[in-house]
Amino acid sequence: MLGIVRVWTTEDEQLLQEHSVLLRQRMGIHSISDCIPDQPYGIYNQESKAAALPKITALVKEIAADADIDAISISCAADPALDVSRAAVSIPVIGAGEAGAHAACMISDKIGVLGLTNKIPEAIETVLGERLVGHLVPDGVTNTTDLLKKETTAAAISSARQLINQGATAILFACTGYSTIHLKETIIKELAVPVIDLVEAQGMAYSMIRQRR
């Protein structure tokens with residue numbers, strides 16, 4: 001079973017398990033999600049990232065102690081604490097940003113990134129290289145809780161359309177919060193363009209890990 005680390009604090013169990021529900025419904029993958037403490041707005045700048053790093057590593061170690069868990073995914077596009085976490089446990093640790101960027105490269109050489117902050121996650125930028133067409137953040141979005149506002153979907157579609165107009169032939173989400181609000185389905189319906197969802201990318205990586213059995 002996959003253990004999922006959410007880098008955004010919530011006491012809403014339904015929201016917390018949303019990525020696990022998506023993986024089960026779309027890919028038949030069983031997982032359990034847990035979140036780090038005291039980060040109600042997630043990771044949205046260097047300060048919030050620095051505060052989250054030790055919490056993520058601690059949660060990775062805690063989840064890895066469960067004998068039913070055979071891999072862990074850090075469900076954040078910035079892949080915070082990925083290398084440290086990989087060194088801290090004996091089971092595979094997946095980075096959502098890294099997994100999503102590699103998945104995008106399999107289907108397009110002109111990729112538009114829909115992000116959460118003005119700075120594109122380093123791991124995504126590195127993997128995409130010259131395939132990166134552009135990176136945009138929807139109007140009104142400054143942190144992951146903004147994605148839950150009803151006006152965010154229209155703003156995100158507008159940003160995705162701008163990326164397509166810039167030449168993008170695929171859209172990569174640079175925030176797993178877009179998975180939580182089911183934005184992929186809406187963009188495909190409105191704009192008829194392939195979308196790489198980071199939760200599904202984590203599922204693809206985990207499916208390959210399970211092949212070793």
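User: What share of the 213 residues in the protein chain is buried, and what makes a residue count as buried?

Analyst: In this predicted model, buried residues make up 53% of the 213 residues in the protein chain. A residue is called buried when its relative accessible area is under 20%, so each residue in that 53% falls below this cut-off.

User: How many helices and strands does the protein chain have, and why is it called as compact as a globular protein of its length?

Analyst: The secondary structure comes to 10 helices and eight strands. The radius of gyration of the chain is 16 Å, and the globule rule gives 17 Å for 213 residues; because the two values are close, the chain is as compact as a globular protein of that length. Along the principal axes, its C-alpha atoms fill a box of roughly 50 × 35 × 30 Å.

User: What area does the protein chain expose, and which atoms supply 51% of it?

Analyst: The chain exposes about 9,900 Å², of which carbon and sulfur atoms supply 51%.

User: How much space lies in the largest pocket, and what makes a residue part of its lining?

Analyst: About 720 Å³ of space lies in the largest pocket. The closest to its centre, among the 34 residues that line it, are I43, K49, A77, A78 and P121. A lining residue has an atom within 4 Å of a pocket point, so each of these five meets that cut-off.

User: Which helix gives the largest share of the lining of the largest pocket, and how do the lining residues divide by type?

Analyst: The largest share, three residues, comes from α3, while α3 (46-64), α4 (82-88) and α6 (122-128) each supply at least two. By type, the lining divides into 17 nonpolar, 10 polar and seven charged residues.

Definitions and conventions:
Residues are numbered from 1 along each chain as its sequence is written. This is a predicted model: local features need pLDDT of at least 70, side-chain atom pairs count only at pLDDT 80 or more; totals for chains, interfaces and linings use all residues. Side-chain values use heavy atoms; hydrogens and water are left out. On a 1 Å grid over the protein atoms alone, a cavity is a set of points where a 1.4 Å probe fits but cannot get out, and a pocket is an open set with protein on both sides within 12 Å along at least five of seven lines; lining residues have an atom within 4 Å of a point. Grid points are joined across faces, edges and corners, and a volume is the space filled by probe spheres set on the points. Helices (H or I, at least four residues) and strands (E, at least two) are DSSP runs, numbered from the N terminus. Ala, Val, Leu, Ile, Met, Phe, Trp, Tyr, Cys and Pro count as nonpolar, Asp, Glu, Lys and Arg as charged, and the others, Gly among them, as polar. The radius of gyration is taken over C-alpha atoms; the globule rule is 2.2 Å times the number of residues to the power 0.38. Buried means under 20% relative accessible area, exposed over 50%, partly exposed in between (1.4 Å probe, protein chains only). Accessible areas come from the Shrake-Rupley method with a 1.4 Å probe; for residues, only the protein chains shown count as cover.
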